[in-house]
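New to this one? Take a moment with the sequence and the 3D view, and then let's walk through it together.

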Amino acid sequence: MKKSPFHFLTYVLVIGAYAALQVLQARGGLSSSLRGMLVPICAYVVMAVSLNLTVGVLGELSLGHAGFMSVGAFLGTSTAIALQDAVPVPAVRLTIALIVAALFAAIAGFLIGIPVLRLNGDYLAIVTLAFGEIIKAIFNNLYLGVDGKGVHISLLEDTTRTAETGRLIIQGPMGIGGIQKISTFTAGFILIMISLIVIFNLVNSRAGRAIMAIRDNHIAAQSVGVNIIKYKMMAFVTSAALAGSAGALFAMNYSTVVANKFDFNTSILILVFVVLGGLGNMLGSIIAAAVLTILPEALRPIAEYRMLLYAVLLIVMMLTANHPFVRAFFNRFRQTGRLRLEADGDEEREAV
Amino acid sequence: MNFIIQFVNSLTSGGGAYQFLNHILNGISLGSVYAIIALGYTMVYGIAKMLNFAHGDVIMVGAYVCFYTFGALRLPGPLAPLLAVCAAAAVCTLLGVTIEKLAYKPLRSAPSLAVLITAIGVSYFLQNAALLLWSSSPKVFPNFFVLRTVDASGETAVLRSIQFGSLSISFVTIVTIVSCIVIMLALTWFTGRTKMGKAMRACSEDKAAAQLMGIDVNATISLTFAIGSGLAAIAGALLCSAYPNLVPTTGSMPGIKAFTAAVFGGIGSIPGAFLGGLLLGVLEIFAKAYISVQLSDAVVFAVLIIVLLVKPTGLLGRTIREKV
Amino acid sequence: MSKLVPVPSGSMVPDRDLNKKPVLECVDLGISFGGLHAVRDFNIIIGPTEISGLIGPNGAGKTTVFNLLTKVYQPTQGTILLNGKDTHGMNTMQVNRAGIARTFQNIRLFDNLSVEDNVKVAMDAHMKYSMWSGIFRLPGYWREERAAHEKALELLSLFSMEKLANIQAGALPYGAQRRLEIVRALATNPSLLLLDEPAAGMNPSETAELMENIRKVRDALQIAVLLIEHDMNLVMNICEGICVLNFGRIIAKGTPADIQSNPAVIEAYLGKK
């Protein structure tokens, strides 16, 4: 019921950043490389906040989030291409594509969730990794054509027999080519806002409470009648659906998309955003995703050393953030909002 | 359905039997490499409770060191490869211990995700350092395991394999399988019989209790990283002898596969890593031969998922009951 | 306090509960871990408004009984009848929804949630609005959340915790955490409340207050309470029936007075003379 001021701040900052960038863009204050990165940044931000729902709020490590991005990218883009003539307005076509992408990614999330959510900890993590790799292998070998007679699908080689009048959209390892770039920064901004509303409102409802209760103590959650399978699935599927539309947004910013773009390294990249931004902290994820997407670009002057420097920065940031002194400092900072009478209580708890 | 029929046909036809045997041997050989890498993963996981994602890149470093040492040493006979592997093992051992000291040790009480991200950072670091040092152009790894014979006419012939009828087994395969078995037996002896090995097991059960028993926990963890990284160097040399294309990302995929193998067998268990590695290798080669080269990884991962659903802690993993 | 009277199974319930259906009936309940019988032949009947105690030396299997009742462990022998209904095949969640709520010996709160949210999580099974209602803030969300807020504060006030509603649960002092666990269990609307060492780590005045509160809760909500406790003062004071466990078996059952004079019990606690 209570409105968290932190959520409010997140909305304000996102809207502010969008407005500032729009003004800058209108005045020609953005370099062309930065302009080209606006949509990918939006996609990565949505990827980061959606993964944060799984990792930060639900507390399960997922190493295959790029798989859902892949599902959304391929099926969303295919939808947009198939509708090219039927729906001439790009914005409407993009909206439909993003919704279809979210839907298919949600279905993938549900199917994967059935086995995955029965496992725990590192075993769950490795199975999400495995599913990510399987999705990559499937899209690398998938052929999908659309013609007057409908949709044709084949695996490994093109046996779809798509009619001359139709179009072979997904071409195995070549992915999808000739995509119309209909993704826009404004669409990306709207998708970020929708993701934030969905996640914040979900977290501030009975579902969010139950999901966080499962994270904090799954045995206690079961003992008070919480259906842990249902809520884990809810978080996982929501996270997958948002990742799916982020994938479609991302893909339709380029003229081609291939399955290898959404590999294990991409999943890890997004996980880095989430951990650096802080588990369960959506604003942190947004900032981390934006900064770390721009960082390699900003480091371009030092060309070949930039990825090395990126790696060093990553390590140094983790070491600093977890240094006992820094942690104590932040804990003290956080404690001020709580009661001050628990000093003795903590010691007592240790003893039992 | 098609590939099942194909599979059965190839088994029953005459030449198929040799082919089948050949696939098994190749599978065991690849699996042995996975097993050696997985042993490093599983030992580090057992003691430090962390997924050391940089492990795969230590393999790559080992392979490069091996490549350059071998090129620099112009020694005859088996001495050069032996020295090259030793040099690689020494460098990787040092590298592993250094990584642990600098990057992981300060995070011992930090949340496990922080350690995971740091390991990813180390992995990026090693890959990009290799890129700067050795460039992205692939190096063709030499085949160490050849027999040079001089026949009656004075011609030298280079033998890469021995023939058993129509079955040919390459020396790399033999050396790989033998090394894996030796390493496995040595590790079993080490963890079961020696004082240091027992200290290692004690630390992986309960670090605080081990410390109270007078075990130097920090030294034991360093030792584990040293052994794991040394093994990675050996794995790197063996892997590149069989698949001689060496680039800075050579270690990533075998790293992920070996990690999968460790989980497959039950992470934390040494025989589990051995079994998981072998099974994964055989599975991969079979999937490549009888199903589809492109989908072989998907098949391997699908089997992993099924195994984990039936046995949620891997083949030989212990089920830990949470105390309520 | 009312008198205990025997019922046909050999157990006893308070006389006021005599002609009512018992809330819990265990018949030959048991579990073995790899051949070792942690609990065996556990027979008990608890009346619908009875406060009873489960005592015994360390390692006697008391918490295991709770874990069996709540299906954290699946029993290997015997039957559990909850309000006359066999709980065979149910899991922890279903048993809770059927009427058993519990607390834990090693406190298991949702540490990062507020005190109020800890209580509200326990009401989840009784809430109806959908995920979409939550995301789009439909009227159902507002209505049920308001009701949940009020009920949570009302339950917290039973243990004078309503002022702590917005504190993070993990930051509460120890005694308050134990009380919050009880409130959270009550929020599931149980017919039987299992308390695992509710007074552990409490000082005598806190314990006295706790005793009062347990009685108050039983009277207000008309539920049965089964508690494990080492504080004999508390057990003898508020329990109407007591069951003594040793090495996984019941060695005595009866009123506090019976138990105090039972030679087998004295032997179990103090050893043979």
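What follows goes chain by chain, then to the contacts between chains, and finally to some strands.

This is a predicted model, in which local features need pLDDT of at least 70 and side-chain atom pairs count only at pLDDT 80 or more, while totals for chains, interfaces and linings use all residues. Residues are numbered from 1 along each chain as its sequence is written, and chains are lettered from A, with ligands numbered from 1, in the order in which they are written.

**Chains A and C**

Let's begin with chain A, which has 14 helices and three strands. Helices here are DSSP runs of H or I with at least four residues, strands are runs of E with at least two, and both are numbered from the N terminus. Chain A's radius of gyration is 22 Å, close to the 20 Å that the globule rule gives for 352 residues, so chain A is as compact as a globular protein of that length. That radius is taken over C-alpha atoms, and the rule is 2.2 Å times the number of residues to the power 0.38.

Chain C has 10 helices and 12 strands. For its 273 residues, a compact globule would have a radius of gyration near 19 Å, and chain C agrees with 19 Å.

The table sets out some values for the two chains. A residue is buried if 20 or more other C-beta atoms lie within 10 Å of its own, exposed if 12 or fewer, and partly exposed in between, with C-beta atoms placed from the backbone. Two residues are in contact if their C-beta atoms, placed in that way, lie within 7 Å.

| Chain and property | Value |
|---|---|
| Chain A, C-alpha box along the principal axes | roughly 80 × 50 × 40 Å |
| Chain C, C-alpha span along the principal axes | about 65 × 40 × 40 Å |
| Chain A, buried residues | 49% of 352 residues |
| Chain C, buried residues | 51% of 273 residues |
| Chain A, contacts with a separation of 6 or more that join residues 24 or more positions apart | 75% |
| Chain C, contacts between residues at least 6 apart that join residues at least 24 apart | 68% |

Chain C also splits up: domain 1 takes 4–107 + 191–270, and domain 2 takes 110–171. Such bounds come from an automatic or database domain assignment. Over C-alpha atoms, the centres of the two domains of chain C are 29 Å apart.

**A helix worth finding**

Back in chain A, look for α9, residues 228–251. Its 24 residues reach 34 Å from first C-alpha to last, close to the 34 Å expected at 1.5 Å a residue; the expected span is 1.5 Å times one less than the number of residues. Is α9(A) enclosed or open? Since 20 of its 24 residues are buried, α9(A) is largely enclosed by the rest of the structure.

**Where the chains touch**

Chain A gives 32 residues to its contact with chain B, which gives 36 residues. On chain A's side, α5 (121–140), α10 (264–277) and α12 (306–321) each supply at least two residues, and α5(A) gives the most, with 10 residues. By class, that side of chain A has 25 nonpolar, three polar and four charged residues. Nonpolar means Ala, Val, Leu, Ile, Met, Phe, Trp, Tyr, Cys and Pro, charged means Asp, Glu, Lys and Arg, and the others, Gly among them, are polar.

Chain A also meets chain C: 31 residues of chain A are in contact with 39 residues of chain C. Helices α6 (185–203), α7 (206–216), α8 (218–223) and α14 (343–351) of chain A each supply at least two residues there. The most comes from α7(A), with seven residues. This side of chain A has 16 nonpolar, eight polar and seven charged residues.

**Strands in chain C**

Now for β11(C), residues 241–246, which is mostly covered, with five of its six residues buried. Strands pair if DSSP finds at least two bridges between them. Four bridges join β11(C), running parallel, to β5(C), residues 51–55, and C:Leu54 has C:Cys243 as its bridge partner. With β12(C), residues 249–254, β11(C) runs antiparallel through five bridges, and C:Val244 stands opposite C:Ala252. The hairpin of β11(C) and β12(C) has two residues between the strands, and C:Phe247 takes a positive phi near 50° in this hairpin.

Elsewhere in chain C, four strands form an open antiparallel sheet in the order β4-β3-β6-β7. Its edge strands are β4 (36–46) and β7 (85–86), each pairing on one side only. Seven bridges join β3(C), residues 24–33, to β4(C), where C:Leu36 stands opposite C:Phe33.
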